[in-house]
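Me: Please take a close look at one small part of this model, a strand and what surrounds it. Then work outward from there, keeping to what can be read from the coordinates.

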Amino acid sequence: MQKLVAIKGMNDILPPDSARWEWLEDKVRNLMARYAYRNIRTPIVEPTPLFVRGLGEVTDIVEKEMYSFEDRLNGEHLTLRPEATAGVVRAVAEHSMLYDGGKRLYYMGPMFRHERPQRGRYRQFHQIGAEALGFPGAEVDAELILMANALWRELGLQNVRLELNSLGQPQERQAHRAALIAYLEQHVDVLDEEARRRLHSNPLRILDTKNPAMQAVVEAAPRLIDFLGAQSLAHFDTVKSILTANGVAWTVNPRLVRGMDYYNLTVFEFVTDQLGSQGTICGGGRYDYLIEQIGGKPAPAVGWALGVERVLELLKEQESAVPALVPDVYAVIPSTAALPVAAATLERLRQAGVRVQMHAAPAGSEGMGSMKSQFKKADASGALWALIFGEDELARGSVVVKSLRDGAGAQSERLLDALADWAPTLQSPR
Ligand code: ATP
Ligand code: MG
């Protein structure tokens, strides 16, 4: 029979690698609590119009990256979420979550984009994102950036730089857009096919091009920042000065425009040079008009999303050590007769907080398997201790504890009745 395999660009996350994911997720939960961001979980499938309206019709995502399909039963147009901001905003509006003031939210989960799979770019990938809705001030933009920065610090990530830009307000963008189109029209011979197509639909995105032949023209193009009014500039200045006061280095990248249409004012990206061309590990910005755009009551908002795979790849690249998940104890069980007492003892140890891996009979073995093979498994498990449920000791109401690492081989007998006293000594620091 033909072997069934996962869909191209969609990965299984297997142990021991999955421990790195859990470690990262724990760090994030802990961090979010310290910044008072609360967890939100929205569906993975949403109505297609949510993304078409929310992200903008002429974005890469909506034009070519969405997994969209028709529900076979009722013909509804559905899409696997390519990002989570639109869903969060839908949920916030649907449940009138802003009725009593702003909300700080975060999420983690899989996203889906039909892209060409390569290092740091997958078709199912994972984002962790934070959104602050209902707050108009620059202090919240800065808070979100400080929070991401704190995460890099706590993960031990290095060589991540912060790029900032301001996209101003719609009116300012309109004026810039007119100037930009007029300028690009003068250089239409240099523009590639995609740029020509976007010239009148989404000229700002042309500035984001990676085509080397267009760099000179793009660099000399009218800059949005020169079209910003006093209020927009003041907002941007506040963000910058809060960051500076907190020792966070930043540079302004006037060409930073981000993929989605919905941004205004502050936009930012955290970038590294250590992941090849997939160097953006986190991106975000303000999106004060999105809620209204998808039919909610107007409210300001700002957020970011990071790519979990890219962050973990960067950690690996930097050979940053992530604590391995190993049991404290491996339980060696010589005969099936010992199973009831052994299992009950292991349950008590686990209740006391000890990590216990019980030996289980391997396929094709007689009974529990030889002592030699059990000790081999105990060693491979990484446990510090073996607990040996030998017949003679059990008859005396005790069990043997044997060290597998420091002073390997040293062993002593422990009374099962006194388990509460010795259980804590088996627990390695965490
Ligand atoms: P890129 O320019 O690399 O395509 P993007 O602007 O499309 O990124 P966002 O939509 O801002 O990315 O998503 C936020 C983060 O999610 C990115 O900075 C990146 O770390 C991650 N990301 C985006 N697309 C993918 C993907 N296909 N595979 C893995 N990670 C991704
Ligand atoms: Mg993209």
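Reply: A residue is called buried when its relative accessible area is under 20%, exposed when it is over 50%, and partly exposed in between. The model is predicted, and the description below should be read with that in mind.

Take Val45 as the starting point, a residue of strand β2. Its relative accessibility is 34%, so Val45 falls into the partly exposed class. Leaving aside residues up to four places away in sequence, Val45 is in contact with Phe69, Leu78, Thr79 and Leu80. There is also a pair to check on the backbone: Val45 and Arg81 are 36 residues apart along the chain, yet their C-alpha atoms are separated by 5.8 Å.

The sheet around Val45 comes next. Strand β2 belongs to an open sheet of three strands, ordered β2-β4-β3, with antiparallel pairing. The edges are taken by β2 (45–47) and β3 (67–70); each has a single partner strand, so one side of each has no neighbour in the sheet. On average, neighbouring strands here are turned by 35° against each other, with direction ignored. Between β2 and β4 (residues 77–80) there are three bridges, and the two strands run antiparallel. One position to look at is Glu46, which stands opposite Thr79 in β4. Helix α2 (residues 48–55) packs on this sheet and touches β2, β3 and β4, with its direction at about 75° to that of β2.

Beyond this sheet, the strands to follow are β11 and those linked to it by pairing. Strand β11 (residues 301–307) is mostly covered, with seven of its seven residues buried. Ala301, Gly303, Ala305 and Gly307 point one way from β11, while Val302, Trp304 and Leu306 point the other way; all are buried. Strand β6 (residues 124–133) pairs with β11 in the antiparallel sense through seven bridges, and Leu133 is found opposite Ala301 in β11. Strand β10 (residues 280–286) also pairs with β11 in the antiparallel sense, here through five bridges. Within β11, Gly303 is the bridge partner of Gly285.

The pairing continues from β10 to β9. These two strands are antiparallel and share six bridges, and Phe268 has Gly284 in β10 as its bridge partner. Strand β9 (residues 264–271) is mostly covered: eight of its eight residues are buried. Strand β7 (residues 161–166) is joined to β9 by six bridges, again with antiparallel direction. In that pair, Arg161 stands opposite Val271 in β9.

Helix α5 can be tied to this region through one residue. The helix spans residues 138–155, 18 in number, and reaches 26 Å from its first C-alpha to its last, close to the 26 Å expected at 1.5 Å a residue. It is mostly covered, with 14 of its 18 residues buried. Asp141 lies in α5, and its relative accessibility of 0% is why Asp141 counts as buried. Not counting residues up to four places away in sequence, Asp141 touches His235, Val239, Thr266, Arg286 and Val302. Of these, Val302 is one of the buried residues of β11. The residue following α5 is Gly156, which has a positive phi, near 80°.

A pair of helices deserves a look as well. Two packed helices are described by the angle between their axes and the distance between the axes. Helix α1 (residues 17–34) packs against helix α12 (residues 308–317) at an angle of about 110°, and the axes are 11 Å apart. That angle makes α1 roughly perpendicular to α12. The contact involves Asp17, Arg20, Trp21, Trp23 and Leu24 on the α1 side, and Val308, Glu309, Val311, Leu312, Leu315 and Lys316 on the α12 side.

Last, the overall division of the chain. Domain 1 covers 17–168 + 228–317, and domain 2 covers 329–426. Taken over C-alpha atoms, the centres of domain 1 and domain 2 are separated by 47 Å.

Terms used: Residues numbered from 1 in each chain as written. Chains lettered and ligands numbered in written order. Predicted model: local features only at pLDDT ≥ 70, side-chain atom pairs only at ≥ 80, totals over all residues. Heavy atoms only, no water. Helix = DSSP H or I, 4+ residues; strand = E, 2+ residues; numbered from the N terminus. Expected span 1.5 Å × (residues − 1). Buried < 20%, exposed > 50% of the residue type's maximum accessible area, 1.4 Å probe, protein only. Domains from an automatic or database assignment. Pairing = 2+ DSSP bridges. Axes fitted to C-alpha atoms, helices over the stretch in contact; angles between N-to-C directions. Contact = heavy atoms within 4.5 Å. Parallel < 35°, antiparallel > 145°, perpendicular 65-115°, else oblique.
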